[in-house]
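Colleague: I'm new to this one and would like a close look at a single part. Could you walk me through one strand and its partners?

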Amino acid sequence: MEIRTETTGGITVVSLRGDIDASTAPQVQESVLPLVTAGSKLLMDMTGVPYMSSAGLRALLSLYRQVAAKDGKLVLVGLSEEIADTMSITGFLDFFAARGTAAEGLQFLQEG
Amino acid sequence: MDAKLFPGTLESLAGIADYVLAAAAHSGLDKRATYRLRLAVDEVATNIVAHGYVEAGLSGHIQVVATTHSDRLQVILEDTAIPYNPLTQATPDNLDTPIAERPLGGLGVFLTIQGCDRFAYEYHDGHNRNIFEMNLPTPTEPTP
């Protein structure tokens, strides 16, 4: 699992690469949660993630709650078709802003 | 494919996934069904490690074996952890509840049952056996 973080114009971009299963989800959670501060704008680029299990869903849920608690804004970009499917049947997709590309995600975060 | 034995730890999940992906490719399962099978096996293997072995203070192995039949691919996980029947875990009935408000148990089992064409659980002589089956798109020759 590779996790790259960069900040640009008040937006934190986290790029993930690799499968997110029960052995790697904790790394994602531990790396990303501390990035969320008051009013954070966070873009999670998942273009490099071909697979995510329910352990990843739980990590995303923790992130969602953290962002909501801090009045931040979160967008997911680059979800594979299969991951979007998993998020859809579990009802997760309705609660996340998701965009196709990083550029679209940045635009979404800059709007608000 | 020949059965393969993995230590009952989370570090084995990647190897189990590789085995399932190889079996799916060999059987001609399509991309979407392959993903669903891999997810189902991964979710159950995670539960075996986390609940069957670690939480129970036990250690052991998970054996994986895949068999291609004429009409379906079957994958069986077998372990000696505490008896655990995923089918007794209630399917979450809160999928419409905002995720900020819902507890998150049972998602893995839900994805397993949703994703497989057939799923079965057997307990026999101290062994849990989880059986996953995916229909194959077109008949193929059975492998021994």
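How many bridges join S3(B) to strand S5 (residues 127–135) of chain B, and is the run parallel or antiparallel?

Modeller: Eight bridges join S3(B) to S5(B), and the two run antiparallel. Before going on, a word on the ground rules: this is a predicted model, where local features need pLDDT of at least 70 and side-chain atom pairs count only at pLDDT 80 or more, while totals for chains, interfaces and linings use all residues. Residues are numbered from 1 along each chain as its sequence is written, chains are lettered from A and ligands numbered from 1 in the order written, and side-chain values use heavy atoms, with hydrogens and water left out.

Now the setting. Chain B has three helices and five strands (DSSP runs, H or I of at least four residues for helices and E of at least two for strands, numbered from the N terminus). Reading from the N terminus, you get β-α-α-β-β-α-β-β.

S3(B) covers residues 72–79, and seven of its eight residues are buried (under 20% relative accessible area with a 1.4 Å probe, protein chains only). For the whole of chain B, 48% of 144 residues count as buried.

S3(B) also pairs with S2(B), residues 61–68, through seven bridges, again antiparallel; pairing takes at least two DSSP bridges. S2(B) and S3(B) make a hairpin with three residues between them. To find the pairings on screen, look for Gln74(B) in S3(B), the bridge partner of Thr67(B), and for Glu78(B), which stands opposite Arg129(B) in S5(B). As you trace the chain, remember that side chains in a regular strand alternate between the two faces of the sheet.

Definitions and conventions
Buried means under 20% relative accessible area, exposed over 50%, partly exposed in between (1.4 Å probe, protein chains only).
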